[in-house]
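Student: I'd like to take a close look at a single part of this structure, one helix and what surrounds it. Could you walk me through it?

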Amino acid sequence: MSYAINRRRLSAANDPNAVLSALLGPGFVNYRRAFARAEGGERPAAPLHLDVDVTTACNFHCPMCPAGSTGHNFPGFRKGRFMDRRLYSRVLAEAAAFGLPSLRLGMTGEPLLIPNIAAWVAEAREAGVLDISLITNGRLLTPSLSRDLIAAGLTRLMISVDAGTPETYAKVRPGGDWNLLLHNILGFLEARGGSVPLLRISFVEMSVNSGDREAFEDIFAPLADYLSFQRYHNILGAEDTDFGREHDSAPATGFCAEPLTRLAVHVDGGLFPCCSDFGRQRPLGNLSAADAFSPEPGPTGGASLPPCRSKAPLGHSLDAFSPKPGQTGRASPQPRRSKAPLGPGGLLAVWNSKEANALTGPEAANHEPCRSCLNGHPKN
């Protein structure tokens, strides 16, 4: 099926959420219903999803990305940082207290640079998160790492490709290797065996790859569970990073539902209303304490901490999204409760703040950073 969500277009033979609903059960079904209501304008009592920017380091040098080697800086962004594992654990503890159903690892950097990243996935699974995704460029996705991520309980793997030929891939993904990418995708599918984690492969539509879409679909549609086609945003606002297609110059219409569904947690503990880099212009709070981030994955990063072995099966559901005793299915175990206070800067406190709520109405499109994001480029 094909359907549209805001500016993203997903193409799939089967609805990926229907696949996960069948596998994960009523808890996931109820979560997706709550998500649909939020997209329709009904703000939930707590965020339904967290985007966690676990690192701003990257092994690629993409010409359009703040984490690449463009020579341009984006306000509030610093390359080369890794989230401290203790901060990540605090995020999960607070999220478990309100029954967070969905989380994604990765926003601007490459999560697979973190040693033992599978342990981060397992910790989210242990915290009761139902839908755990990870976004990557795929270069470091070895068969061994694929097996570790699958065993940890990952439900979605998202690979950014943006090309249908080796020549275009070399232009949009410097540092990548086309043949290695294909090898790693095939290795992941072999390691997976079954149907999860679902594989999403994405294509951001730009002038530089405008002739590649058909080839991209021919190559990757048989491999992926679903394809994602996205509109390019000139985040950096520079002339030499303006890869938007000519007919994309018109601003998007409608309102963005992201501030109604999620929060973004940046590498230093900053909280923002969405996963777009434009969201950095609208800080909502900060979870960080001393040593909240490290310059490289060292003693407090993912390298030296032991793996967190999840005892929860893949179908584990949270009480907030699961049937009660006597209804169809079994009630879920109680989620782990946070020992951290949900005070100023806590996830719920920020979610319910005046600043966060100000971005959830239709009038938000007339203000920054939503206006720049919807227009696809920074304000003049």
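Here is a walk through one helix and its neighbours.

Tutor: Happy to! Bear in mind that this is a predicted model. Let's settle on helix H4, residues 117–126.

A good place to start is burial. Of the 10 residues of H4, 9 are buried, so the helix is largely enclosed by the rest of the structure. The buried ones are Ile117, Ala118, Ala119, Trp120, Val121, Ala122, Glu123, Ala124 and Arg125. What do they pack against? Their partners are strand S4 (82–83), helix H3, strand S5 (102–105), strand S6 (131–136) and helix H5.

Among those partners, H3 deserves a closer look. This helix spans residues 85–98, and its axis comes within 10 Å of that of H4, with a crossing of roughly 20°. Angles under 35 degrees count as roughly parallel, so that is how H3 lies relative to H4. The crossing is right-handed. On the H3 side, the contact is made by Arg85, Tyr88, Ser89 and Leu92, while H4 brings Ala119, Trp120, Val121, Glu123 and Ala124. Sorted by class, this contact has 6 nonpolar residues, 1 polar residue and 2 charged ones.

Now for Glu123, a residue of H4. Is Glu123 buried or exposed? Its relative accessibility is 6%, and since buried means under 20%, Glu123 counts as buried. Its side chain has polar partners there: one polar contact goes to the side chain of Arg85, at 2.9 Å, and another goes to the side chain of Ser89, at 2.6 Å. Both Arg85 and Ser89 belong to the H3 side of the helix contact described above.

Just after H4, you will find Gly128, which takes a positive phi of about 95°.

Finally, we can step outward through H5, one of the elements that the buried residues of H4 pack against. H5 covers residues 143–152, and its axis comes within 9 Å of that of helix H7 (residues 178–192), crossing at roughly 45°. These two helices are therefore oblique to each other, and their crossing is right-handed. In this pairing, Ser146, Arg147 and Ile150 of H5 meet Phe188, Ala191 and Arg192 of H7. The classes here are 3 nonpolar, 1 polar and 2 charged residues.

To trace all this on screen, you could begin at Glu123, follow its side chain to Arg85 and Ser89, and then move out from H4 to H5 and on to H7.

Definitions and conventions. Residues numbered from 1 in each chain as written. Predicted model: local features only at pLDDT ≥ 70, side-chain atom pairs only at ≥ 80, totals over all residues. Heavy atoms only, no water. Axes fitted to C-alpha atoms, helices over the stretch in contact; angles between N-to-C directions. Helix = DSSP H or I, 4+ residues; strand = E, 2+ residues; numbered from the N terminus. Parallel < 35°, antiparallel > 145°, perpendicular 65-115°, else oblique. Left-handed = near helix turned anticlockwise from the far one by under 90°. Contact = heavy atoms within 4.5 Å. Nonpolar A, V, L, I, M, F, W, Y, C, P; charged D, E, K, R; others polar. Buried < 20%, exposed > 50% of the residue type's maximum accessible area, 1.4 Å probe, protein only. Polar contact = N/O pair within 3.5 Å; in protein donor to acceptor, adjacent residues only side chain to side chain.
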